[in-house]
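Biologist: Please take a close look at the ligand site. What surrounds the ligand, and which polar contacts hold an oxygen atom of the ligand?

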Amino acid sequence: MNYRRLGRAGIKVSELSFGSWVTFGPQIGVGEATEILGYAYEQGVNFFDNAEAYSSGESERIMGAAIAQLGWPRHSYLVSSKFYWGIHDTVNARFTLNRKYLIEAVNASLERFGLDHLDLIYCHRPDAETPIEETVYTMHELVAEHKAHYWGTSEWSADEIRAAIAVAREHHLHAPVVEQPEYNMLTRAKVEVEYKRLLDEEGIGLTTWSPLASGLLTGKYANGIPAGSRASLPGYEWLKEMLTDPKAASIVKQLEPIAKQLDLTMGQLAIGWCLANPQVSTVILGASNRAQLEENLGAQAAHERLTPEIQDNIRKILEAK
Ligand code: NDP
């Protein structure tokens, strides 16, 4: 496993990491989670991503219980959680980054994980109502009080991230060091265009999500929705349209011969393509069973096979969309 600096922060993350969205809770309990996390760790994965909102806290509970069973030394892994959506239906605890919510939510997350600190905490979305100063000061305090080592953002605009950095700089506070955007062959603009200058100038690390576009880039949705897949789960109907989009299916079909030529699965090609972007610190993988994770970790070999010529062929297919 290769490790990359998280932007300009001092820590290194495995270039492939693992996240629990959708899977932990609806698809996987503590037993299978322990098997999957244990396998990932044996393969050198050192970063595990989660969020308060994933299965309303259940995903954090499952990950915490699995890590406790595995008995990993705390210095050997990084764990993150994200805050914004909230899990309590009261006016100050949903869709917000206010001070009361953030402090209470991080404390509750630590309790569910059974940990005394997280490594990374993220503002899961921007909040246009709470003053940026209030959010930055609260995230700074959570870091200063060792509830987390670093903080970052997820799906903020480049301007919003710059505003947070400016407040932190002016008041000598801990600034955000990482952003968590969606990045895959079908969703590229934010990382490749909007963030370009921000990443170069501020050295923000990227922990990118949905490298397979929820599984679409494996080709598994070519003939409809397979039983047991993410798109077949109750509550995820909203994904169906994206996963069965004929334009996306046609792109996957055109990419498949390239994967074959490189002796990779389509999923490995898609993950390896994300890794080939040097501004990505880690690609967060998702998997609903161990076999998928084994296949996906095989993508480490992929990005070395992506010669400039192959990259160019891929770019032409993606840009023709
Ligand atoms: P992917 O796009 O890689 O999708 C993962 C899903 O695809 C799996 O759960 C599985 O679904 C299917 N899959 C994976 N590997 C294979 C395979 N080899 N063959 C066939 N099917 C496969 O990643 P996620 O969307 O899960 O995102 C990864 C992580 O990123 C999340 O866990 C979370 O930590 C983070 N994230 C962050 C967000 C944010 O807003 N910050 C938003 C979303 C995710 P199935 O088998 O059920 O069909």
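Modeller: The ligand occupies the largest pocket. A pocket here is an open set of points on a 1 Å grid over the protein atoms alone, where a 1.4 Å probe fits, with protein on both sides within 12 Å along at least five of seven lines. A molecule sits in it if more than half of its atoms lie within 2 Å of its grid points. This is a predicted model: local features need pLDDT of at least 70, side-chain atom pairs count only at pLDDT 80 or more, and totals for chains, interfaces and linings use all residues. Residues are numbered from 1 along each chain as its sequence is written, and side-chain values use heavy atoms, without hydrogens and water.

The shell around the ligand has 32 residues, each with a heavy atom within 4 Å. Asp 49, Ser 210, Lys 220, Arg 230 and Ser 288 are the closest. By type, the shell holds 10 nonpolar, 16 polar (Gly among them) and 6 charged (Asp, Glu, Lys and Arg) residues.

Now the polar contacts (N or O pairs within 3.5 Å). Arg 230 places a polar side-chain atom 2.7 Å from a ligand oxygen. For His 124, a polar side-chain atom is 3.3 Å from a ligand oxygen. Ser 20 uses a polar backbone atom, 3.1 Å from a ligand oxygen. Alone, the ligand exposes 910 Å², and the protein buries 95% of that (Shrake-Rupley, 1.4 Å probe).

Two elements give two or more residues to the shell: β10 (282-285) and α11 (290-297). Both are DSSP runs, at least two residues for strands (E) and at least four for helices (H or I). The largest share, 3 residues, comes from α11.

Key. Polar contact = N/O pair within 3.5 Å; in protein donor to acceptor, adjacent residues only side chain to side chain. 1 Å grid on protein atoms, 1.4 Å probe; cavity = no way out; pocket = protein on both sides within 12 Å on 5 of 7 lines; lining within 4 Å.
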